[in-house]
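Got your viewer open? Let's take a short tour of some backbone oddities, one stop after another.

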Amino acid sequence: MEWFQKWDKVLDDSDAPFYKWFVGGKTNIVHNAIDRHLKTHRKNKLALIWVGEPGDSRTFSYFALNREVSKFANVLKSMGVKKGDIVTIYLPRLPEQMIAMLACAKIGAAHSVVYGGFSVEALAERIEDAQSRVLVTADGGWLRGKIIALKDIADEAMARQPTVETCIVVKRTGQDIYMEAGRDYWYEDLMSLPIAGPICETEPTDAEDMLFILYTSGTTGRPKGVIHTHGGYMVFTYTTLKYVFDVKDEDRWWCAADPGWITGHSYIVYAPLINGVTSFMYEGAPTHPYPNRWWQMIENHGITILYTAPTAIRGLMRFGDSWPNRHNLGSLRLLGTVGEPINPEAWKWYYTVIGQERCPIMDTWWQTETGGFMITPLPITPLKPGSATRPFFGIDVDVVDDESQPVPTGEEGYLVVKTPWPGMLRAVYKDPDRYREQYWDKFKTMYQTGDSARKDEDGYVWVIGRMDDVIKVSGYRLGTAEVESALVSHPDVSEAAAIGLPHELKGNAIHAYVILRAGVEGDENLAETLRDHVGHEMGPIAKPETITVVDTLPKTRSGKIMRRLLKARALGLPEGDVSTLEE
């Protein structure tokens, strides 16, 4: 990686917990993601292969990506976007999403990407908090064969938030939409004007300058804008991808996430480009038009590494082995998972059916706030299904009790990070108190992840789930993930969610919701069978009071089941912040 000016100090902890990294260093993440490759053999190498849901496709070499990013950076400048401004991006999974993010960073502006499945309220709230004057959106996007009408949602959000002066619209689906004169402009029209010249100097930024804000939902109240910076985030995402997935020049890397959440920022946009690899991006749903869509694309494009969420794996597992088995998946050499702990059952299917028992699975634990992988195997690490194994090098994690003391081996406690790391969030936008309260108040010198975990005798970390995803039944602490894994290990169940509801005798009782595999009918007998199955797997204490068969579970876009939402609904309470709810 290259720096315009070397740093004076690697870590400044004088104002903890407001840490600074590479103090005095000058760089720009785009210089390392694009500019420096143009002087090497990578200039004409593919940076991005994109496939749309209807079947259209586009490719960009590093040279072509630089041209598009430079042109859009000049468009943004002509719209008055300056260093330090925040541009809101509300797009489907299109190359323009990546181009817009990189164009902002190139000129020193920050981006706030809002996932294209979010509602009017979520978008309006994020525009308001960031005070964005420019919004980049599209007429629509394709999902499951239907058009998601993004511009209509954007119009309603802009009506609520008069801060937006310019709305740039990518033409994707071609249906008639409302375009307000003087405010709304077609992306394609702007990119063909003389203002969109193909040359734009990359703005030198300070290592601590804001690169982006990403809003993550709190269990209560407003979403919080997590801030990441050019220097530390660049170093951390680059390094984690390089070593965890052993990326090589000839690899074709597919992170099947959405740039609307952190996995997409770090491992679709920034780290693959800094590492100079070829990335694959797909617009639509994994099962459209048939459940072999992903396997077909892996075969067609020679994908070597697939990184996705357990929820997607379980969703595809429902359709059985015959769909993947009809494709040649021999190009794959590594697999990865992200978003939540993976049930051993889904792990085994992923390993045997998709990886054909030759691809190690990199089960990564990290958060929006951490910027990159924190607990993860390397390709040489002996694996245990369901464990993210050990911390990445330089990361110091522990499992502690309420008094900040390490808990004994095998016991559950709070997962904490004991020392700062380069990719860490720097603050919550405009709310330093919330940053301190949320992440540092409980353990003072240790970062509080909000997750519970345990360590085994080999020092492997088993993340159980959010601290609020632990149910105390008759004094026993049971992780929702463990109950769910027990349910999913039954051949009729493809997905499960467990919550604790108040119970007169037990304090709490477990209530479970299950999605059955294709072709299985749910009835009272099956519910009883499943209760007994959990009792057999985990002991009678873990038997759910009720088991409800459902078609879908409320999830965040990153694939995490929103158990608190199930709980609120069961108790008839307000649902709180649902801005990150998928669809």
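Start by selecting Thr389: you'll land in the loop between β20 (361–363) and β21 (397–400). The β labels mark strands (E, at least two residues) and the α labels mark helices (H or I, at least four residues), both being DSSP runs numbered from the N terminus. Before going on, keep in mind that this is a predicted model, where local features need pLDDT of at least 70, side-chain atom pairs count only at pLDDT 80 or more, and totals for chains, interfaces and linings use all residues. Residues are numbered from 1 along each chain as its sequence is written, and side-chain values use heavy atoms, leaving out hydrogens and water.

What's odd here? Most residues other than glycine have a negative phi, and most peptide bonds are trans. Thr389 isn't a glycine, yet its phi is positive, about 65°. Is Thr389 buried or exposed? Its relative accessibility is 0%, so Thr389 counts as buried (buried means under 20% relative accessible area, exposed over 50%, partly exposed in between, with a 1.4 Å probe and protein chains only).

Next, jump to Lys430, in the loop between β23 (427–428) and α13 (432–439). Here's another non-glycine with a positive phi, about 60°. Lys430 is exposed, with a relative accessible area of 53%.

Now for the peptide bonds. Select Ala16 and Pro17: the bond joining them is cis, with omega about 5°. Pro17 sits in the loop between β1 (9–12) and β2 (20–23).

For the last stop, pick His288 and Pro289. The peptide bond from His288 to Pro289 is cis too, and its omega is near -5°. Look for Pro289 in the loop between β17 (278–282) and α9 (293–301).
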